[in-house]
Amino acid sequence: MQFKDVIGQQAVKERLLSSAVKNRVAHTQLFLGQEGTGALPLALAFAQYLNCTHPQKGDSCGTCPSCVKYQKFAHPDLHFIFPTAGTDSVKKNPESKLFQEEWLGFIRRNNGYVTQSAWYETLGIGNRQGTIYARDANEIVKLLGFKPYEAKLKVVVIFQAERLQVSASNKLLKSLEEPPDNTLIILIAEKYEMIIPTVRSRAQLVKIPPLKKPEISRALLQRFPGKLDAERADELAGLSHGNWNLALDLMDQDDEGDYYFLKFREWMRLCFRGNDYVALNKIIQELSRLGREKQKRFLTYGLHVVHNSLLINKKQDAMVVARADEKDYLLKFAPFVNPSNQKQMYELLNEAVYHIERNAHPGALFADLSFQLADLMQLGRKAVQAG
Ligand SMILES: [Zn+2]
């Protein structure tokens with residue numbers, strides 16, 4: 001990762017670069033920043049710069065053999081320690097060493113902009129917290145005992161240092177205090193007060209502030225050209241409170257909302273027509289593959305459409321919250337949700353959410369639901385025709 005790939009944070013970059021130029025790089029540093037401010041990307045860009053064999057003014061070269069390895073986060077002298085927990089594949093004695101592949105894939109996919117909760121999701125440990133164990137600390141001490149393999153500096157990045165067990169922290173104190181020559185240890189954390197004082201007093205503090213609104217807005221437009229306009233980028237930047245990951249999440253929700261609208265409309269049209277089994281089967285397959293959380297949100301979106309249709313039928317249009325194209329659709333769809341079928345439609349979608357939560361087979365569920373909804377749409381149509 002180069003500094004140019006790190007969003008904003010000009011002041012921090014300058015400070016890090018100046019410490020390198022003046023040859024005053026502290027051996028142990030604590031990068032402290034809220035989620036989505038880029039603490040890990042900054043650490044990686046800094047480590048890459050320090051190891052670059054042809055550093056440019058203000059950034060690493062990006063092309064020397066060291067940079068090439070660093071760009072993939074896979075350099076023999078770059079080590080990661082992070083919280084882990086028992087999982088399906090590692091049931092006993094979890095530690096960072098056993099999850100390197102998952103970790104590297106995770107930070108590559110996210111270009112270094114990772115969150116603690118996304119890491120736990122990747123590990124598959126749900127709502128449980130991970131820990132940096134004493135065995136991880138032993139591993140660090142062991143790593144530091146060897147000279148760098150090929151780089152100028154051996155770098156150890158400790159992600160979420162507040163998850164260090166007390167026993168792990170104690171084992172690390174000596175290494176943090178007097179690391180061997182040619183070593184850089186970067187602790188990354190969000191909450192200063194959760195790191196034990198003996199650890200934080202041994203590290204030079206690098207504070208990483210929330211990103212500025214224009215920095216997020218600009219980065220969204222640069223990284224996702226054509227996906228959103230300047231106005232929406234500004235809006236998302238404002239809602240994200242300086243947290244790049246939150247801005248991305250909000251953007252994904254936009255996408256998801258769009259998808260649900262388009263898919264639901266298509267699905268209802270097919271149910272309504274009731275004779276294009278090939279197309280209907282295709283959409284059933286697609287919905288079956290969404291994953292349970294998305295299936296639930298999709299069906300909840302369907303409930304929302306039924307609810308809005310009822311409001312429109314009761315001339316309560318003003319209470320309908322929807323975008324222009326969505327509202328347009330609702331106005332056309334609403335008449336077919338009427339007393340002949342509204343209660344059953346509502347119950348059917350509600351029950352489907354219930355069954356998805358209880359691990360129903362999605363293929364069978366969406367097929368069954370489609371045929372029942374098709375019948376209900378026919379009832380609604382007859383009611384409209386009967387006036
Ligand atoms: Zn280089």
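Biologist: Is the crossing of α11 and α13 left-handed or right-handed?

Modeller: A crossing is left-handed if the near helix is turned anticlockwise from the far one by less than a right angle, and right-handed if clockwise. By that rule the crossing of α11 and α13 is right-handed.

Biologist: What kind of model is this?

Modeller: Residues are numbered from 1 along each chain, as its sequence is written. Local features need pLDDT of at least 70, side-chain atom pairs count only at pLDDT 80 or more, and totals for chains, interfaces and linings use all residues, because the model is predicted.

Biologist: Is α11 roughly parallel or roughly perpendicular to α13?

Modeller: Axes are lines fitted to C-alpha atoms (for helices over the stretch in contact; angles run from 0 to 180 degrees between N-to-C directions). The axes of α11 (residues 244-273) and α13 (residues 292-313) come within 10 Å and cross at roughly 70°. Given the cut-offs (under 35 degrees roughly parallel, over 145 roughly antiparallel, 65 to 115 roughly perpendicular, the rest oblique), the relation of α11 to α13 is roughly perpendicular.

Biologist: How many nonpolar residues are in the contact of α11 with α13?

Modeller: Contact requires C-beta atoms, placed from the backbone, within 7 Å. Tyr260, Lys263 and Phe264 of α11 meet Arg297, Phe298, Tyr301, Gly302 and Val305 of α13. In this contact 2 residues are charged (Asp, Glu, Lys, Arg), 1 is polar (the others, Gly among them) and the nonpolar ones (Ala, Val, Leu, Ile, Met, Phe, Trp, Tyr, Cys, Pro) number 5.

Biologist: Which residues of α12 does α11 meet?

Modeller: The axes of α11 and α12 (residues 277-288) come within 10 Å and cross at roughly 145°. The crossing is left-handed. From α11, Glu266, Trp267 and Leu270 meet three α12 residues: Ala279, Leu280 and Ile283.

Biologist: How many residues are charged in the contact of α11 with α12?

Modeller: Nonpolar residues number 5 there. No residue is polar, and the number of charged residues is 1.

Biologist: What is the radius of gyration of the chain?

Modeller: The chain has 16 helices (H or I, at least four residues) and 5 strands (E, at least two), taken as DSSP runs numbered from the N terminus. For 387 residues the globule rule (2.2 Å times the number of residues to the power 0.38) gives 21 Å. The chain is well over that, so it is more spread out than a compact globule, with a radius of gyration, taken over C-alpha atoms, of 27 Å.

Biologist: What does the C-alpha trace span along its principal axes?

Modeller: Residues 24 or more positions apart account for 74% of the contacts with a separation of 6 or more. Along the principal axes, the C-alpha trace spans about 85 × 45 × 40 Å.

Biologist: Is Gln9 buried or exposed?

Modeller: Gln9 lies in the segment before α1 (10-21). Its phi is positive, about 60°, although Gln9 is not a glycine. With 23 other C-beta atoms within 10 Å (20 or more is buried, 12 or fewer exposed, in between partly exposed; C-beta atoms placed from the backbone), Gln9 is buried.

Biologist: Where is Asn182 found?

Modeller: Asn182 also has a positive phi, near 60°. With 14 C-beta neighbours inside 10 Å, Asn182 counts as partly exposed. Asn182 is found in the loop between α7 (166-177) and β4 (183-189).

Biologist: How far apart in space are Gly8 and Pro214?

Modeller: Gly8 is in the segment before α1 and counts as buried, with 20 C-beta neighbours inside 10 Å. Not counting residues up to four places away in sequence, Gly8 touches Leu211, Lys212 and Glu215. Gly8 and Pro214 are 206 residues apart in sequence, but C-alpha to C-alpha they are apart by 9.1 Å.

Technical notes: Two residues are in contact if their C-beta atoms, placed from the backbone, lie within 7 Å.
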